[in-house]
Amino acid sequence: MPHPADLIFIDGDVLTVDQAFSVAQAVAVRDGRILAVGQTAEIEALAGPRTRVVDLAGRTLLPGINDSHLHATAWGLTRPPFALAVGHPDVASIADIAEAVRRAAATTPAGKWITGLGWDLGYLAECLADPGRRPHRRDLDAVSPDHPVCLTDFSGHMLWVNSRALEIAGITRDTSPPPGGVVYVDAAGEPTGMLGESAMSLVQRCVPPVGVEQRKQAIRSAVAALHAEGVTSFTEPGLGPGGTEILGGSLGTESLEAYIELARAGELAARVRVLLLPAPMGGSAADVAAGLRELAAVPSDVDPERLAVIGVKVFADGVPPNETAWMREPYGMAGGHGALCVHGADAALREAELTEMIRIAHAAGYQVGVHTTGDRAIDAVVAAFVAADRAHPRADARHYVIHADFVSVENLATLAAHGYSVNMNPAIKWTIADLMDEVVGKRLSDYQWPVRSAVEAGLAVCAGSDAPITEPNWRQGVASMLLRESKATGRPSGPEQCVDLATAVRAYTINAARQDFAESWKGSVEVGKVADLCVLGGDLRAADPHDIPGIPIDLTVLGGEIVFDREGVSPA
């Protein structure tokens, strides 16, 4: 045989994720591409004396996972050793977080910042015991009076800081938050140490920035961890000047520089698509225009299959758990409707500003992904998509609503009619389902992330972890789409929005490739496509959905090269 395969997989359950979602037994790889897909006997005939043959022994093989919304740089920088882990299950109470800060203060040079990520009201014992209890600066002052402390919540939309951090940031009872932001105060009008949405920037701008070399280290660490999850592709949803004050500055322009340097050096072991973030939360159309002028394209000597900038991200509103999503109905716990987090003195001016922000990015030729969660905000975004296309007609722009928590059936139909889509987060649904019953009421809570309605409307729904908001365990996302059960109680939440396994898998593979404008060369196990593959330590189709999150990843292949092999479970 003149050109045998380099790598062959036999006797498995191969989910090709082609148009028919056909199932094969074996796959052959040569020169980093899929050479053949079929039954074991025909694929074995492609082996040569140096071909590595992996016996799947009934295990599932599917395309390499494409996490279509994952802040890899932030995920790397917000994990130890870069920051404290203050999320569930690492901590179970405010007291646990205070103890972690106390230990950090004992070893941190005087005056240096202590940062962390992950706290969640739904998993803090004191807040569970007293629904009115909230984290407070006093909790942190008691253990770190001299070190400034900045702890980001699990959603990335709320900060908890101590008095020293408030002092450095100049935040007092007289401080007015930027548009769309909240400085929480107590009954006496004094800041509590909690800051929401764009008000986070008041503190985050004071935290010393992280350099490019440290960002490269964090990206390498994150990519290695993603390989252990079977992830070979991901979207960095927002890097640029608008990210200098988000998640500790990890979304700033320096992170894009770090990716470029890694790709040029041949050290970026993943396929990365980037959305530019030209404007911060609370930003304006002028910010978008200026940011896009400032941002340079990825250099031409970088392999576009490894790294490419394809879109622009815009922040429209906040998140429902923090009651900052812009909703039609008032929140059940504290009232209010939330708001758009863009520049403008009132709702009408902010909506007009958002429309112009989207128009500018669309007219510049970019795909536009808009962070929007509330139903009223989604109305505004979908209308802005349509208006932008009417003003500047473009074929196949593939704009999408990021999160789309409460997207209406009417908006789903409009998105489908224009070839647009939604990017949803099923693992977040699993995490916060019980909490949302109290925040928006059971009817809306059950509807949140209506995946089935989106699929029935004809959308190519994508799913992402939003790491570091949740861990990038896509199997948990799949199980959540199949079951829609809550993490805390196991109670079903909106079971009428459950989907089947094929739909869930497509959301992490071929649909995500479509979002990347890359479905012609990745996202399924078909001849000619890149050999990005994921091998599970079990049979995905036969598994009880409740067991899917725990199925191990045995092997991850990127471009025909094995980049993860769990303890040598797949020997040659």
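**Notes on a bent helix, its cavities and some salt bridges**

1. Let's start with helix α14, where Pro426, Ala427, Ile428, Lys429, Thr431, Ile432, Ala433, Met436, Val439 and Val440 are buried. Keep in mind as you look around that this is a predicted model.

2. Where does α14 bend? Have a look at isoleucine 432: the helix turns there by about 65°. Ile432 is also one of the buried residues in α14.

3. The bend is worth reading next to the length of the helix. α14 has 15 residues, and a straight helix at 1.5 Å a residue would reach 21 Å. In this model the C-alpha atoms at the two ends of α14 are only 18 Å apart.

4. Now for the empty space inside. Rolling a probe the size of a water molecule over the atoms shows where empty space is left. How many cavities of 30 Å³ or more are there? The count is seven.

5. The largest cavity holds about 260 Å³ of space. It is lined by 25 residues, and those closest to its centre are Ser155, His157, Val319, His371 and Asp466. Try finding these five in the structure first. Strand β17 and helix α14 each give at least two residues to this lining, so you meet the bent helix again here. By class, the lining has 13 nonpolar, nine polar and three charged residues.

6. The second largest cavity has about 50 Å³ of space. Its lining is made up of Met424, Asn425, Pro426, Lys429, Trp449, Val451, Ser480, Met481 and Arg484. Which elements give two or more residues to it? They are α14 and α17, the latter running over 474-483. Sorted by class, the lining comes to five nonpolar, two polar and two charged residues. Pro426 and Lys429 belong to this lining, and both are listed as buried in α14.

7. On to the charged pairs. The structure has 29 salt bridges. One of them joins arginine 328 to aspartate 379, with the closest N and O atoms 3.0 Å apart. Arginine 328 sits in the loop between β17 and α11, while aspartate 379 is in helix α12, so the pair ties together parts that are 51 residues apart in sequence. Buried or partly exposed? Arginine 328 has 43% relative accessibility, so it counts as partly exposed. Aspartate 379 is partly exposed as well, at 27%.

8. Glutamate 356 and arginine 359 make a more local pair to look at, both being in helix α11 and three residues apart. Because of that spacing, about one helical turn separates them. Their closest N and O atoms are 2.8 Å apart. Glutamate 356 is partly exposed, with a relative accessible area of 29%, and arginine 359 is partly exposed at 27%.

9. Arginine 398 and glutamate 519 also meet in a salt bridge, at 3.0 Å from N to O. This pair links distant parts of the chain, 121 residues apart: arginine 398 is in the loop between α12 and β19, and glutamate 519 is in the loop between α19 and β22. Their surroundings are not alike. Arginine 398 has 10% relative accessibility and counts as buried, because the cut-off for buried is under 20%. Glutamate 519, with 28%, is partly exposed.

10. One last thing to find: Arg59, Asp554 and Arg566 are linked in a network of salt bridges.

Definitions and conventions
Residues numbered from 1 in each chain as written. Predicted model: local features only at pLDDT ≥ 70, side-chain atom pairs only at ≥ 80, totals over all residues. Heavy atoms only, no water. Salt bridge = Lys/Arg side-chain N within 4 Å of Asp/Glu carboxyl O. Helix = DSSP H or I, 4+ residues; strand = E, 2+ residues; numbered from the N terminus. Buried < 20%, exposed > 50% of the residue type's maximum accessible area, 1.4 Å probe, protein only. 1 Å grid on protein atoms, 1.4 Å probe; cavity = no way out; pocket = protein on both sides within 12 Å on 5 of 7 lines; lining within 4 Å. Points joined across faces, edges and corners; volume = space filled by probe spheres on them. Nonpolar A, V, L, I, M, F, W, Y, C, P; charged D, E, K, R; others polar. Expected span 1.5 Å × (residues − 1). Bend = angle between axes of the 7 residues up to and from the residue.
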